[in-house]
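These are my notebook entries on a structure that I looked through part by part. Each entry records what I looked up and what I found.

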Amino acid sequence: MSQITLGILGGGQLGSMLSIAAKKLNIRTVIYSDDKEAPAQNFCDEFIYSEYSNKNQIYDFIKKVSIITYEFENIPFETLNEINKLKTVYPKPSINRLIQHRLAEKDFVNKLNIRTTRYVSVEKRSDLDSLDDFLPGILKTTTMGYDGKGQYPIKSLNDINNLNIDFSKEYILEKLVKLKKEISLIITRFGNNKYEIYEPIENIHENQILRKSKIPADIDNSLYEQSKEWSIQISEELKYIGTLCVEFFIDRNDNLYVNEIAPRVHNSGHLTINAFNVSQFENHVRAVCSLDQIPLKKLHNAEMINLIGDQIKIYRQNQNLKENEFFFDYLKKEIKDNRKMGHLTILK
Ligand code: ADP
Ligand code: MG
């Protein structure tokens, strides 16, 4: 078989892990990123640094690769769509456009009769005056948010005046769910009714950033089944190719809500590298490159801890790990508060 070269837009840690998975399958990777310091350049075969709007560089990138995917959702739709005319992009650009907009994403999920949090569009400051009903809530930018960025918890309308919110952007206001737990479900779809599905992963967030993930999730069987069913329904409806993650909330009455969808591999699935026969990254590469599907097998229970900001330091200095512990350093040059610097997976 001729050599496959996978093009990946985005050069963060997810791009690194996709590159490592591709290498294992004898697939070359070319990463395109607008970040000169993109950590994935340490793991891919070839790295292109340029703006996503640079047509010449994008054209060069397209010529070098057989197929294209992306590792974060905030790639401009125009870029993905232009590329897709010349070479296949998976997941399809229209899926990314839908999901990168919180309002469109939530409308889509509701149309499938799947429960989400209660939400309402906020286009100007005065819209909020009549929305007491959604408080306490979280005001979120409709686009470009991640790791809690662009989010404002709001208890009362008075809070809004003190928050210095930029109302030139569009928002949604979401009613706060009294959370009992958060879980995520990772699924890789290969084609019509062909998928591999990981068991639900239980997630603990601190300051809206993922701190820990573990399997098995400590939830009732009915929630296990419901989260699986909804994730299958979402990926079938999207005709998705590749790995997708659905984030869920569980409230104190054990109601399940879809929080958001990530059209890509996901931080909560890092434990799949060590805990399963095939990781979420390998499955993504297999699906987008039309390789064989391998039945998924869990090898271990596991816990993954994100190393955020300074927390990476002691692991960089001392790698005295036990046999069941796996440390990943994303090789980001600068340590910043609230920045995911690496992770530790512990097999149980
Ligand atoms: P991001 O795109 O930054 O991941 P999310 O919408 O997933 O944004 O929010 C991040 C975290 O903030 C969630 O995982 C959850 O812990 C908390 N959160 C967000 N929205 C709500 C909500 N409506 N009710 C309760 N908690 C929420
Ligand atoms: Mg989230």
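**Entry 1: strands β15, β16 and β17**

Which residue in β17 does Asp 329 stand opposite? I found that Asp 329 stands opposite Gly 342. I note here that the model is a predicted one.

I then looked up the pairing itself. Strand β16, residues 325-329, pairs with β17 in the antiparallel sense, and five bridges are found between the two. Strand β15, residues 302-308, also runs antiparallel to β17, and seven bridges join this pair. In the pairing of β15 with β17, I recorded that Ala 302 stands opposite Leu 347.

Is β17 mostly covered or mostly open? I found strand β17, residues 340-347, to be mostly covered, with eight of its eight residues buried.

**Entry 2: Phe 327**

I returned to β16 for one residue, Phe 327, which has its place in that strand. Phe 327 has a relative accessible area of 14%. Buried means under 20%, so Phe 327 counts as buried. I also looked up its separation from Leu 6: the two residues are 321 apart in sequence, and their C-alpha atoms are 26 Å apart in space.

**Entry 3: the magnesium ion**

Which residues are the protein donors of the magnesium ion, ligand 2? I listed Glu 247 (OE) and Glu 260 (OE), which lie 2.0 to 2.3 Å from the ion. Glu 247 belongs to strand β13 (residues 242-251) and Glu 260 to strand β14 (residues 256-262), so the pair ties together parts that are 13 residues apart in sequence.

I checked the cover of both donors. Glu 247 is buried, at a relative accessible area of 13%. Glu 260 is partly exposed, at 21%. The cut-off for buried is under 20%, which is why the value of 21% places Glu 260 in the partly exposed class.

**Entry 4: ligand 1**

I next looked up the surroundings of ligand 1. There are 21 residues around it, and those that come nearest are Lys 140, Gly 148, Gln 151, Glu 182 and Asn 259. By kind, the shell divides into six nonpolar, seven polar and eight charged residues.

I recorded three polar contacts. An N or O atom in the side chain of Glu 174 is 3.0 Å from a nitrogen atom of ligand 1. For Lys 175, a backbone N or O atom lies 3.1 Å from a nitrogen atom of the ligand. For Glu 182, an N or O atom of the side chain is 2.5 Å from an oxygen atom of the ligand.

How much of ligand 1 does the protein bury? Taken alone, the ligand exposes 550 Å², and the protein buries 92% of that. I noted the elements that give two or more residues to the shell: β6 (137-141), β8 (171-175), β9 (179-191), β13 and β14.

**Entry 5: helix α9**

I looked up helix α9, residues 280-288, and found it mostly covered, with nine of its nine residues buried. Among them are Phe 281, Glu 282, His 284 and Arg 286. Just after α9, Ser 290 takes a positive phi of about 55 degrees.

**Entry 6: Asp 35**

My last entry concerns Asp 35, in the loop between β2 (28-33) and β3 (46-49). Asp 35 is partly exposed, with a relative accessible area of 31%. Asp 35 and Arg 97 are 62 residues apart in sequence, and 22 Å separate them in space, C-alpha to C-alpha.

Notes:
Residues numbered from 1 in each chain as written. Chains lettered and ligands numbered in written order. Predicted model: local features only at pLDDT ≥ 70, side-chain atom pairs only at ≥ 80, totals over all residues. Heavy atoms only, no water. Buried < 20%, exposed > 50% of the residue type's maximum accessible area, 1.4 Å probe, protein only. Helix = DSSP H or I, 4+ residues; strand = E, 2+ residues; numbered from the N terminus. Pairing = 2+ DSSP bridges. Donors = N, O, S within 2.8 Å, 3.2 Å for Na, K, Ca; no water. Near = heavy atom within 4 Å. Polar contact = N/O pair within 3.5 Å; in protein donor to acceptor, adjacent residues only side chain to side chain. Areas by Shrake-Rupley, 256 points an atom, 1.4 Å probe, with all protein chains shown as cover. Nonpolar A, V, L, I, M, F, W, Y, C, P; charged D, E, K, R; others polar.
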